[in-house]
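Open the model in your viewer and keep the sequence panel beside it. This tour goes stop by stop, with something to select at each.

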Amino acid sequence: MVSIEIDNKSGFCFGVVTAIQKAEEELEKTGQLYCLGDIVHNSDEVERLRNKGLITITHDELKNLHNVKVLLRAHGEPPSTYELARQNNIEIIDATCPVVLQLQRRIKDTYNNMCPRPQIVIYGKIGHAEVNGLVGQTNGEAIVIEDISQLSKVDLSQNIALYSQTTKSLQGFSKIREEISKQKSPNAIFNSFDTICRQVANRVEHIRQFAANHQLVLFVSGKKSSNGKILYNECLDVNPNTHFISNENEIDVQWLTNIGSIGICGATSTPRWLMENVKNHLLHLINN
């Protein structure tokens, strides 16, 4: 008999849960709502909400809208988005994650109030929605680095304030912090601020243990999810028999040969119902 377990700590973080709740509440009232960018980096969940009336728009499309309601997702937005909404009489339903909102305020405070103003360096994914919102707090002046190889962007003879995108790895942040400490000028003041969300970071050790406890691991996530890529690689590191799938349709029946234990887990952007679908499909394949 094959045992199948869904990881009870996988799935939406509270920021995503709140954003989806706000969207569903508005859709129940009016049947239509605009959302600036994918509400979550999971195409199956985006499609579910699209069928309820959620319309995903780009920043360019936002410029042409007037007198409507627009949801800002958990990733947050730069000040320019709020100003555009004001000009176009757009009502904002703000679902920015509280952790991201606090980080935006800290970066803005550093930019506006620290004297002399340090170089603001953000460890994050270039072009990511959250990172764009963070850079926007500095009038576009913050330096974004994805890893140690990009430290050449930073003037190590000047003062530095290091922050992190909330969903990056603690290990990666620590490496960058250590490297800046080693390379900076003795006269440069360096302050680092660990702004990684613990609800995300604390999943790493748990998911590694979960993956190690099963013969086969199916990691369910949207292809766009940064957090999904990080957690998938953690699973793969401890269990080479880990497969990244977007939904149940991507399961290869050959993976099930001589398997007695299957673990299903996912990213902070993976809905529980999608992992349940994967489990139900596995039961169907095994029983037939």
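Two strands count as paired if DSSP finds at least two bridges between them. Helices (H or I, at least four residues) and strands (E, at least two) are DSSP runs, numbered from the N terminus.

Some ground rules come next. This is a predicted model, in which local features need pLDDT of at least 70 and side-chain atom pairs count only at pLDDT 80 or more, while totals for chains, interfaces and linings use all residues. Residues are numbered from 1 along each chain as its sequence is written, and side-chain values use heavy atoms, with hydrogens and water left out.

**Stop 1: the sheet**

Select residues 33–36 and 69–72. These are strand 2 and strand 4, which run parallel and are joined by 2 bridges. Look for cysteine 35: leucine 71 in strand 4 stands opposite.

Now widen the selection to the whole sheet. It is open, has 4 strands in the order 3-2-4-5, and pairs them in parallel. Strand 3 (54–57) and strand 5 (91–94) are at the edges with a single partner strand each, so one side of each has no neighbour in the sheet. From one strand to the next, the twist averages 35 degrees. Axes here are lines fitted to C-alpha atoms (for helices, over the stretch in contact), and angles run from 0 to 180 degrees between N-to-C directions.

**Stop 2: helices on the sheet**

Contact means heavy atoms within 4.5 Å. Select residues 14–30. This is helix 1, which lies across strand 2, strand 3, strand 4 and strand 5 and runs at about 165 degrees to strand 4. Add residues 79–87. Helix 4 packs on the sheet here, touching strand 2, strand 4 and strand 5, at about 145 degrees to strand 5.

**Stop 3: the cysteines**

How many disulfides are there? Counting pairs of cysteine sulfur atoms within 2.5 Å, the total is 0. Select cysteine 265. Its nearest cysteine sulfur belongs to cysteine 235, 3.9 Å away. Is cysteine 265 buried or exposed? Buried means under 20% relative accessible area, exposed over 50%, and partly exposed in between (1.4 Å probe, protein chains only). Cysteine 265 is buried, because its relative accessibility is 0%. Cysteine 115, at 76%, is exposed.

**Stop 4: the cavity**

A cavity is a set of points, on a 1 Å grid over the protein atoms alone, where a 1.4 Å probe fits but cannot get out; lining residues have an atom within 4 Å of a point. Grid points are joined across faces, edges and corners, and volume is the space filled by probe spheres set on the points. The count is 1 cavity of 30 Å³ or more. The largest cavity has a volume of about 330 Å³.

Select Cys13, Val16, His75, Thr167 and Thr268, which lie nearest its centre among 24 lining residues. Helix 1 gives the most to this lining, with 3 residues.

Note on methods: 1 Å grid on protein atoms, 1.4 Å probe; cavity = no way out; pocket = protein on both sides within 12 Å on 5 of 7 lines; lining within 4 Å.
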